[in-house]
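Student: Could we take a close look at one part of this model together? I would like to go through its charged side-chain pairs.

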Amino acid sequence: MTGFAYHIAGSGDVQRVAVGQALGADAAGLVWVHLETTDEQAQGWLRDTAGLSDYVVDALTATETRPRCEAVGSGAFVNLRGRSREELDTSDLLASVRIWAVKGHVFSVTRKPLIAVGAVEEAVKASAIRDPGDLITSFATAITQDLDPDVANLGDELDACEERLDAAQIFTLRRTVSRVRSTAIGYKRFLSPQRAALEKLAALPGDWLDDDDRLHLAGAADRAARMAEELDAIRERAALLHEWLSDLRAEQIDSRSLIIAIVAMVFLPLTFITGLYGMNVQGLPYAQAPWAFDAILGGCALIAAGIVIYFVQRHWFER
């Protein structure tokens, strides 16, 4: 079972301790236990040593999770989603952190390494965390601050694609646009319920959430809402850009098909003439004349030139 624990005394002193020694810390301070696994050993420790209820343990170690907030007794369970250091599946782009908080204790569990955990740990070491509300607020703020630039980069990638809109780069641009759209959809899937979870948490009763914590949670919820709206705009822009690229590709195909049709029209009568005079039968006019080959060749050239001139006058090459 991997993880770490911190004891934050009421005076602000911070001490990192082993997970097995965390619950023996002074009850007057804050104990934060973070587990980086959801295996059976972690479940047993949370149930038997930490004394958490089966409902809370199941929520902390569930395989499939989505952002939510739920009050349980005098505490609260919160599930948030943020970016991971590992490359995740395209259908699940954000890793989860499950948090159980009561006055004096916070238990957090992750299955994948969450980038925000490092930022929260730095805040703890800097003595910026004093109570469970501060810790959860730090998680929410770190997650939104980490996601914000990534969402902005998605918009910048679409801007770059629009600037490079060119028939010669259709396939490269379509791959980029499809990836951006897929990422935006994956992020939006979790950011909307995450906003609702943070708003619900900010409104929960409890003396372990200060007014300042509630304000910071509301701010994190607003940022999540703004990112969700931006992701909606990115998704719509990506869909529109994909349509433009599809239209550009269709125009490119139509142009090439037109050229092929013109070439076929030029050579169609020539093929008929050469096929006719290529028959190995008796009675072909001027078959024995020494000038026949030159005459047929000149006639074919005149016919081809006439057809090309006709298409030029009809402006077919400009279509």
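How many salt bridges does the structure hold?

Tutor: Happy to help! This is a predicted model, so local features need pLDDT of at least 70 and side-chain atom pairs count only at pLDDT 80 or more, while totals for chains, interfaces and linings use all residues. Residues are numbered from 1 along each chain as its sequence is written, and side-chain values use heavy atoms, with hydrogens and water left out.

The structure holds twelve salt bridges, a salt bridge being a side-chain nitrogen of Lys or Arg within 4 Å of a carboxyl oxygen of Asp or Glu. One of them links Arg-47 to Asp-54, at 2.9 Å from N to O. Arg-47 is partly exposed at 31% relative accessibility, and Asp-54 is partly exposed at 46%. Here buried means under 20% relative accessible area, exposed over 50%, and partly exposed in between (1.4 Å probe, protein chains only).

Next, Arg-195 meets Glu-199 at 3.2 Å, N to O. Both sit in helix H5 (residues 170–203), four residues apart, about one turn of the helix; helices (H or I, at least four residues) are DSSP runs, numbered from the N terminus. Arg-195 is partly exposed at 37%, as is Glu-199 at 36%.

In helix H6 (residues 211–277), Asp-232 and Arg-235 are three residues apart, about one helical turn, and their side chains form a salt bridge of 3.1 Å, N to O. Asp-232 is partly exposed at 24%, and Arg-235 is partly exposed at 30%. Finally, salt bridges with shared partners join Asp-148, Arg-223, Arg-226 and Glu-230 into one network.

How values were computed
Helices (H or I, at least four residues) and strands (E, at least two) are DSSP runs, numbered from the N terminus.
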